[in-house]
Amino acid sequence: MSNRSIKKVALLGSGVMGSRIACHFANIGVEVLLLDIVPKDAPASDKKARNKLVNDALQFALKANPSPIYSKTFISRITTGNFEDNLKEIATCDWIIEVVVERLDIKKQIFEKVELYRKPGTLITSNTSGIPIHLMDEGRSEDFQKNFCGTHFFNPPRYLKLLEIIPSPKTSPEVVSFLMNYGELFLGKTTVLCKDTPAFIANRIGVYGIMSLFHLIEKMGLTVEEVDKLTGPVLGRPKSATFRTCDVVGLDTLIHVANGVAASCPNDESKAEFAIPGFITKMAENKWLGAKSGQGFFKKVTTTDGKSEIHALDLKTLEYKPSVKVKFATLEATKPIEKLKDRMKILISGKDKAGDFYRAMFFGLFQYVSLRIPEISDDLYKIDAAMKAGFGWDIGPFETWDMLGAGESVKAMEAAGKKPAQWVYDMLASGAQGFYKVENGISKYYDVAARVYKTIPGTENFIILDNIRSNKTVWKNSGTTLCDIGDGILNLEFHTKMNTIGGEVIEGVNRAIETAEKDFQGLVISNEGGNFSAGANVGMIFMLAVEQNWDELNMAIKLFQNAMMRVRYSSIPVVVAPHNMALGGACEMSMHSDKVVAHGETYMGLVEFGVGLIPGGGGTKEFALRLSDEIREGDIELNYFRNRFLTIGQAKVSSSAQEAFELGYLRAGRDRVVVSRSLLLSEAKADCLELAKEGYTKPVLRKDIRVLGKTALGLAYLGADSMKSGGYISEHDVKISQKLAFVLCGGDLSAPALVSEQYLLDLEREAFLSLCGEKKTLARIQSIITGGKVLRN
């Protein structure tokens, strides 16, 4: 087992990738040295001028949206410099990553200089996207070669989870093992071990997919809008689909990789697919490269009335035209179907042009990936992992093939002239039903060489709810499932639309805690959905308010509050493990738990103000409680109050789990962040078990919450009036602000006083109810429910 420790990393090159990789290392607490060349004619004595290129590159990266950095406070972990003055400082680094231009001669020049200062045993890797790794370490020392490897990050490094690890024949197995583990555990990556073949795994398959699609589009006469509609979320792929993704990546980059594969793979049976189509060549000549040039397959134009409008390129005439809505009967048939597996079967069997497109696209892809084994990978699961983590697909090619039926698809592929590799026939002849199977809750893949199923390496420590739900379910209702995840710990997952919290989820929370208190040691609340939860079911609130069913609405809010208090006050530890969106009621649930184990990409916030309400599930109460706890003798109380008030009043949402600490949603010293999404549930379970073993005791209801009363209430009212006078907020916003302040201050008490949680919950519920009766609040909620459309009677 390696005893390496990464405390400081050097990034050699500060371009788009270098600066963003630097930010991601800073995100996980590593000290970073970011270096680049000295600009021409920069005076030797002018440090600012000599570091201008690297500093400008870092500032450009930090202005990107979404941000590459978890928190602005982390920027201080990055030190900038240049190759001439600061390269010697790499001697203090544990890992050196080369991220210069994709030219072998320049990379080798950098490595020659690195050898002058690098201490023996230091990791040295290249972020190349395709240059053969074995060519880069030629002529280097033995120590350099055994510690050298390819580490291909995908852009943007914070958000795309793929990290391809590409060893050379001389790379030490210890180095490979360390990088595979470090990438997963610390960087939160899906680490995929690759062979040193052209474009490695993800780009080889991904670029084939895009280039073959270009040729298919020409053949079928499909439009840009049609293709993006067909290849986006309906397939479990990003909204940017095909052509918007090309615009983001850059057409020049795509052409470069395609030409590289074609030149490097003369024996690829699909080499013709990598030939550049005429319309792509013309676009490149016109410099229509995508976002970087202002236009590509799409172009933003200003109409005669001054409005912005997106135009799409007509691939036949190469003229831009207003984007049009796309409609296919096959797509219409999938609209009510949420499960991707069920959608896929409808898509592939479509009788219209869309169905023809899907069959041609998938059968070609299936054939191609089957023929890449063992060329680019011995193991099929690596291809799926690379495509999911590198291109944002929900399911990889072999997983898709399984969904459509491995055997059935082979017959259809033969009929279409897309016969797969022989090993697929051998697999089916052996009695195997597909490329994957689940056995005792463990995911296994078909090993082509050994002709048996094997456990997917690295997944032994993952808890995958999809794998255990069938035989580990303790209880379920229409919106939740309660599973035994082992060692006396239960997990409650939501599966409502957007995982919103309504009556069925509240029932699930209460039942989960009741069951855990009776027969288990603790409870985790976590799920595998795209988002943890978008918050409370506002549709239910809207209907009750429109019908003026105040008693029922009051009861619904009280039940929600009571459920949150059960999360806080139970006889077993409750750990919440959110990821992605954790808004409104989901934020309140997190704030009431004993501990939050949040994924690094958690976007948490009390957003009710945006719909004309205040947090009504205990969130406002909890902010008043935390305000009371954080003020120390001698502190200026009103400053703390102002911060808490504005966080709710401006509906602030964290851009990361780390920022959730800064906004007061997470608690320093108690809650923590896990960067690996795959390990989130197992880490939350471990923390829950630790709390139980430490001798968990049910907390005591708080009756000592110090509220500020009129001292702070006047300030809040004055501030809201000033904002309205300045034209920054509406009359209705003033009313919401006053209600929020009233609760946070504990009412209009004449002086600061100590109150109970229940006192604050009652104030919160009363304020929430009164705002539900406001027409402008109902109009805002209606707009959200209908996507901006106004419902008519």
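1. In this predicted model, helix H27 (residues 637-649) and helix H31 (residues 731-744) have axes that come within 11 Å and cross at roughly 135 degrees. That angle makes H27 oblique to H31, because angles over 145 degrees would be needed for roughly antiparallel. The crossing of H27 and H31 is right-handed.

2. Which residues meet between H27 and H31? From H27 come Phe641, Phe645, Ile648 and Gly649. From H31 come Ser737, Leu740, Ala741 and Leu744. By class, this contact has 6 nonpolar and 2 polar residues, with no charged residues. Gly649 counts as polar here.

3. Now the cysteines. How many disulfides does a search of the whole structure find? The search finds 0. A disulfide is a covalent bond between the sulfur atoms of two cysteines. The cut-off applied to a pair of cysteine sulfur atoms is within 2.5 Å.

4. Why is cysteine 23 without a bond? The closest cysteine sulfur, in cysteine 93, is 16 Å from the sulfur of cysteine 23, and that is too far for a bond. Cysteine 23 is also buried, with a relative accessible area of 0%.

5. Cysteine 587 is in no disulfide either. For cysteine 587, the nearest cysteine sulfur is that of cysteine 772, 19 Å away. Is cysteine 587 buried or exposed? Cysteine 587 is buried: its relative accessible area is 0%, and buried means under 20%.

Technical notes:
Residues are numbered from 1 along each chain as its sequence is written. This is a predicted model: local features need pLDDT of at least 70, side-chain atom pairs count only at pLDDT 80 or more; totals for chains, interfaces and linings use all residues. Side-chain values use heavy atoms; hydrogens and water are left out. Buried means under 20% relative accessible area, exposed over 50%, partly exposed in between (1.4 Å probe, protein chains only). Axes are lines fitted to C-alpha atoms, for helices over the stretch in contact, and angles run from 0 to 180 degrees between N-to-C directions. Helices (H or I, at least four residues) and strands (E, at least two) are DSSP runs, numbered from the N terminus. Angles under 35 degrees count as roughly parallel, over 145 as roughly antiparallel, 65 to 115 as roughly perpendicular and the rest as oblique. A crossing is left-handed if the near helix is turned anticlockwise from the far one by less than a right angle, and right-handed if clockwise. Contact means heavy atoms within 4.5 Å.
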